[in-house]
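Trainee: Hey, I've got a new structure open and I don't know where to start. Can we go through it together?

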Amino acid sequence: MIDFLTAHGALSPFYSGALGAAAITILVSVAAFVLGLGLGTCLMVVRVTCAAPFPHLVRLYVSLMRGTPLLIQLLIAFYVIPSLVGIELSPLAAGILALTCNTAAYISEILRAAYSTISRGQVSAGRSLGMRMSTIWWQILLPQIFHRSLPPLTNEFSILLKASSLLSIISVLELSTLARNVNLQSNLPLQVFIATAATYFVILFCASSISRFLERRIAGVLPNAH
């Protein structure tokens with residue numbers, strides 16, 4: 001079995017570069033998710049609190065991001081945006097930008113769905129205690145929204161991490177790029193892509209475990225958040 005997976009040393013370039021490529025995959029995915037979470041939260045708050053035309057603009061943005069292929073968005077971020085704004089983007093920066101803009105649209109809808117399940121009486125109660133609206137959002141609404149959104153947010157991160165394989169199109173040296181290069185050198189697609197799939201599985205399994213841990217911790221802080 002070991003000889004099959006190593007192909008008698010033919011796959012040593014993959015195993016020697018897998019750690020670095022996996023690190024880039026995780027870095028890109030985590031950076032895009034964190035930035036997308038911030039942007040998605042802002043989009044959700046604007047959509048549910050601001051007056052027209054801002055909610056309409058948010059809906060348009062979400063529709064555009066969800067209604068066009070991520071691959072096209074990635075190519076626009078790498079080839080079109082630098083020429084429009086006059087700023088050169090590295091392949092890594094363009095990839096993070098495209099993934100951030102894409103996942104923010106999905107995250108905003110996840111958070112908005114969680115917000116719709118929260119009783120509006122909590123806002124009234126906060127108001128009656130003299131709390132500012134920003135304080136109500138920060139201390140009352142957002143903790144519950146994130147708690148209720150944790151499972152779908154974990155799923156969104158899984159989708160995002162797998163979608164990061166598209167960065168191979170613009171030559172970011174992540175797992176898929178490494179697998180493609182090693183396969184071209186060794187002509188052993190079965191072993192190469194089994195090893196690549198196993199690496200993705202380990203990363204996603206760790207992410208799911210962290211999510212379950214966070215969910216238990218948050219549930220302890222917010223015992224009444226259903």
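Mentor: Sure, and let's start with a term we'll need: a polar contact is a pair of N or O atoms within 3.5 Å, where, within protein, one must be able to donate a hydrogen and the other to accept it. Also keep in mind that this is a predicted model.

Trainee: Got it. So what does the side chain of threonine 68 reach?

Mentor: It reaches the backbone oxygen of leucine 64, at 2.7 Å. The side chain of threonine 68 also makes a polar contact with the side chain of glutamine 73, at 2.8 Å.

Trainee: And where does threonine 68 lie?

Mentor: In the loop between helix 3 and helix 4. Threonine 68 has 33% relative accessibility, so it counts as partly exposed. Across the fold, its C-alpha is 9.4 Å from that of asparagine 102, although the two are 34 residues apart in sequence.

Trainee: Helix 4 comes up right after that loop. How many residues does helix 4 have?

Mentor: Helix 4 has 16, residues 70-85, and it reaches 21 Å from its first C-alpha to its last, close to the 22 Å expected. There's a bend of about 40° at alanine 77. Just after helix 4, glycine 86 takes a positive phi of about 75°.

Trainee: Which residues of helix 4 are buried?

Mentor: Leu70, Gln73, Leu74, Ala77 and Pro82. So glutamine 73, the contact partner of threonine 68, is on that list, and so is alanine 77, where the helix bends.

Trainee: What covers them?

Mentor: The cover includes helix 3, helix 5 and helix 7.

Trainee: Does some general helix rule help me read that list?

Mentor: Yes: an α-helix has 3.6 residues a turn, so residues three or four places apart point the same way.

Trainee: OK, switching helices. How far apart are the end C-alpha atoms of helix 2?

Mentor: They're 55 Å apart. Helix 2 has 38 residues, which at 1.5 Å a residue should span 56 Å, so the two values agree. Helix 2 does bend, by about 45°, at alanine 18.

Trainee: Now the middle of the protein. How many residues does the largest nonpolar core have?

Mentor: That core has 47, and those with the most contacts inside it are Phe14, Met44, Leu99, Trp137, Leu141 and Ile145. Helices 2, 4, 5, 7, 8 and 9 each give two or more residues to this core. Helix 7 gives the most, with ten residues.

Trainee: Pick one of those and show me its surroundings?

Mentor: Take isoleucine 145. Leaving aside neighbours within four places in sequence, it's in contact with Met44, Leu111, Ala114, Tyr115, Ile118 and Trp137. Its backbone oxygen lies 2.7 Å from a polar atom of the side chain of serine 149.

Trainee: Is serine 149 buried or exposed?

Mentor: Serine 149 counts as buried, because its relative accessibility is 1%. It lies in helix 7 and, beyond its neighbours within four places, is in contact with Ile110, Leu111 and Ala114. Leu111 and Ala114 also turned up in the list for isoleucine 145.

Trainee: Let's do helix 5. What about isoleucine 107 and glutamate 109?

Mentor: Both are in helix 5. Isoleucine 107 is buried, with a relative accessible area of 0%. Not counting residues up to four places away, isoleucine 107 touches Phe33, Gly36, Leu37, Gly40, Leu153 and Glu156. Glutamate 109 is buried as well, with a relative accessible area of 17%.

Trainee: Why does 17% count as buried?

Mentor: Because buried means under 20% relative accessible area.

Trainee: And which side chain does a polar contact join to glutamate 109?

Mentor: Arginine 47, at 2.7 Å. Leaving aside close sequence neighbours within four places, glutamate 109 is in contact with Arg47, Val62 and Arg66.

Trainee: Last one: how many disulfides are there?

Mentor: Zero, searching the whole structure. For cysteine 50, the nearest cysteine sulfur is that of cysteine 42, 10 Å away. Cysteine 50 counts as partly exposed, at 34% relative accessibility, and so does cysteine 206, at 41%.

Definitions and conventions
Residues numbered from 1 in each chain as written. Predicted model: local features only at pLDDT ≥ 70, side-chain atom pairs only at ≥ 80, totals over all residues. Heavy atoms only, no water. Helix = DSSP H or I, 4+ residues; strand = E, 2+ residues; numbered from the N terminus. Expected span 1.5 Å × (residues − 1). Bend = angle between axes of the 7 residues up to and from the residue. Buried < 20%, exposed > 50% of the residue type's maximum accessible area, 1.4 Å probe, protein only. Contact = heavy atoms within 4.5 Å. Core = buried A, V, L, I, M, F, W, Y, C linked by side-chain atoms within 4.5 Å. Disulfide = S-S within 2.5 Å.
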